[in-house]
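Happy to walk through this one with you. Have a look at the model first, and then we can take it question by question.

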Amino acid sequence: RLIGQLEGLGYRRDESLPPELDAMARRDSHHLNMTAPGERGVKIELHYCLLQPRGRTRIGYEAVSSRLQHVPFMGVQVPAFRPEDLLVYLCEHGAGHAWSRLEWVATVAELLRGGVSDWGRVSAWAAELGATRRVEAAILLADEWFGAPEAAARVRSDWWMRAANRIVVRRLLRDPQRTIGSPGEHLTYPLLTDATWAARLRRFRTTMFVPSLADAQRFSQTPRL
């Protein structure tokens, strides 16, 4: 219904997929982009699940609705995550992109400085999502770049976390303007911060042997000889 309302206002999807790829898009992706008409260039990213479902359990609205609270925004009440739940989400999102944007690390640091108080809530949802080590690694990364010593004191680091964060630090120091991580970074960082060997194996198998939507799009665009 929301897509129809936006289309009625002139918004258009950034890309249209052929029918044979639409089912794969729903399985493999977690959002679609729509752009405003004219020269405004306003883009809206509509999520139909919280995080990319590829290689993980789908996290739909029903799984997060109980974690939402209503807060004022531009004169109206809108649903938003509590700070503790937002922290877990931001850490999972940033890790999935190998922290390719420094602003994402800064956002975590600012949230740690003033917003998070219920660490039991953080731990519980991170464990439920299998994100405990990614949250801990993100806290260490935020402390290294922007200073979050009180939060970092709660974290026990290990070689895997430090190795993952070194990848991010080297890349940001070398090329801070690049905002899209390489395929290798997108695989290596989450792999190093997965909670178990079983999770690492599942991620590696999915990445290497299960075609993604991007793979299917490339294949469909390849001219036949």
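Q: How much of the accessible surface of the protein chain belongs to carbon and sulfur atoms?
A: A quick reminder that this is a predicted model. The accessible surface of the protein chain comes to about 13800 Å². The share belonging to carbon and sulfur atoms is 56%.

Q: What percentage of the residues of the protein chain count as buried?
A: The cut-off for buried is under 20% relative accessible area. The protein chain has 225 residues, with 12 helices and five strands. The part that counts as buried is 37%.

Q: Which residues make a nonpolar surface patch of about 400 Å²?
A: One member to look for is phenylalanine 209, which sits in helix 11, residues 197-209. The patch of about 400 Å² is made by Phe204, Met208, Phe209 and Val210.

Q: Is phenylalanine 209 buried or exposed?
A: Its relative accessibility is 61%. Residues over 50% are classed as exposed. Because of that 61% value, phenylalanine 209 counts as exposed.

Q: Which helices are included in what covers the buried residues of helix 10?
A: Helix 10 spans residues 183-193, and its buried residues are Glu185, Leu187, Tyr189, Pro190, Leu192 and Thr193. Their cover includes helix 4 (83-96), helix 7 (132-146), helix 9 (159-174) and helix 11.

Q: Which strands are the edge strands of the open sheet?
A: Three strands form this sheet in the order 1-2-3, with antiparallel pairing. An edge strand here pairs on one side only, and that description fits strand 1 (12-13) and strand 3 (43-47).

Q: What is the bridge partner of arginine 13 in strand 2?
A: Strand 1 and strand 2 (residues 31-35) run antiparallel and are joined by two bridges. One of the partners in strand 2 is threonine 35, which goes with arginine 12. For arginine 13, the partner is methionine 34.

Q: How many bridges pair strand 2 and strand 3?
A: These strands pair in the antiparallel sense. Among the partners, histidine 31 goes with histidine 47 in strand 3. The number of bridges for this pairing is five.

Q: Which side chains along strand 2 point to one face and are buried?
A: In a regular strand the side chains alternate between the two faces of the sheet. Strand 2 shows this alternation, with His31, Asn33 and Thr35 pointing to the face whose side chains are not buried. Pointing to the other face, and buried, are Leu32 and Met34.

Q: What percentage of the contacts with a separation of 6 or more is between residues 24 or more positions apart?
A: Contact here means heavy atoms within 4.5 Å. Of the contacts in the protein chain with a separation of 6 or more, residues 24 or more positions apart account for 59%.

Terms used. Residues numbered from 1 in each chain as written. Predicted model: local features only at pLDDT ≥ 70, side-chain atom pairs only at ≥ 80, totals over all residues. Heavy atoms only, no water. Helix = DSSP H or I, 4+ residues; strand = E, 2+ residues; numbered from the N terminus. Buried < 20%, exposed > 50% of the residue type's maximum accessible area, 1.4 Å probe, protein only. Areas by Shrake-Rupley, 256 points an atom, 1.4 Å probe, with all protein chains shown as cover. Patch = residues over 30% accessible without salt bridge, like charges linked within 9 Å, V, L, I, M, F, W, Y side chains within 5 Å. Salt bridge = Lys/Arg side-chain N within 4 Å of Asp/Glu carboxyl O. Pairing = 2+ DSSP bridges.
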